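Open the chain in your viewer with the sequence alongside, and follow the selections below in order.

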Amino acid sequence: MNNNILICGVGGQGIVLASKLIALSAMDRGLMARSAETIGMSQRGGSVVSHVRIGDEVHSPMISTGQADLILGFEPGEAQRCLPYLKPDGAIVVCRQSVVPVTASLGMGNYEGEKTLSYLQQASDDVILVDAATLCRKVGSPKVLNTIMLGAAVRSGKLALTLDELERAIRTRLPEKFQQMNLTALHLGAEQEEII
């Protein structure tokens with residue numbers, strides 16, 4: 001059985017690292033892992049999408065439309081943009097906080113994160129909203145958003161990995177000085193309660 005995870009957000013949120021931690025955790029378990037990123041203008045806050053497929057036999061890194069078990073949205077608008085990939089019984093784990101696009105901040109458009117979250121809740125019966133900003137403050141760094149979201153993904157039951165497996169990947173992949181805060185963030189994400 002394959003597990004298809006689509007991670008989306010904007011540049012600087014740690015999406016590529018999150019996809020690598022998922023793939024590394026899967027490979028450590030003996031599963032196949034394939035991933036592909038669309039990075040675009042990520043360094044300027046542009047859209048970033050990472051397809052991650054894990055399982056006993058995975059041939060392509062790209063998730064087909066309607067085949068994602070999980071959309072892990074680091075930004076609500078980007079999660080909405082990726083909705084066509086979600087399976088009918090798939091889950092959405094999404095950060096409550098939005099990143100206003102440059103065009104909207106310059107008065108060239110209108111973007112309301114709360115309306116986007118409402119739309120996501122109407123689009124799926126399985127939505128977990130993550131108050132990542134509060135959890136980042138608890139840890140003491142905004143740079144742990146990605147591991148907070150991974151913890152919430154485990155909680156959703158749609159990510160075929162355990163916290164222990166992700167912990168091992170964090171210890172393997174991250175420099176020692178960043179490991180403890182990311183492990184704390186992973187567990188905070190898994191413990192947060194807001195499920196819609």
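Among contacts between residues at least 6 apart in sequence, what percentage join residues at least 24 apart? The figure is 64% for this chain, where a contact means heavy atoms within 4.5 Å.

The model is a predicted one, in which local features need pLDDT of at least 70 and side-chain atom pairs count only at pLDDT 80 or more, while totals for chains, interfaces and linings use all residues. Residues are numbered from 1 along each chain as its sequence is written, and side-chain values use heavy atoms, with hydrogens and water left out.

Select the whole chain and colour by secondary structure: 8 helices and 6 strands appear, in the sequence order β-α-β-β-β-α-β-α-α-β-α-α-α-α (helices are DSSP runs of H or I with at least four residues, strands runs of E with at least two, numbered from the N terminus).

Switch next to a surface, where about 9400 Å² is exposed and carbon and sulfur atoms supply 51% of that area (Shrake-Rupley method, 1.4 Å probe). Of the 196 residues, 52% are buried, meaning under 20% relative accessible area.

Now select Q13, C136, P142, K143 and L145, which lie nearest the centre of the largest pocket, among its 15 lining residues (a pocket is an open set of points on a 1 Å grid where a 1.4 Å probe fits, with protein on both sides within 12 Å along at least five of seven lines; lining residues have an atom within 4 Å of a point). Adding α5 (132–139) and α6 (145–156) shows the elements that give two or more residues to this lining, with α5 giving the most, 3 residues.

Terms used
Buried means under 20% relative accessible area, exposed over 50%, partly exposed in between (1.4 Å probe, protein chains only).
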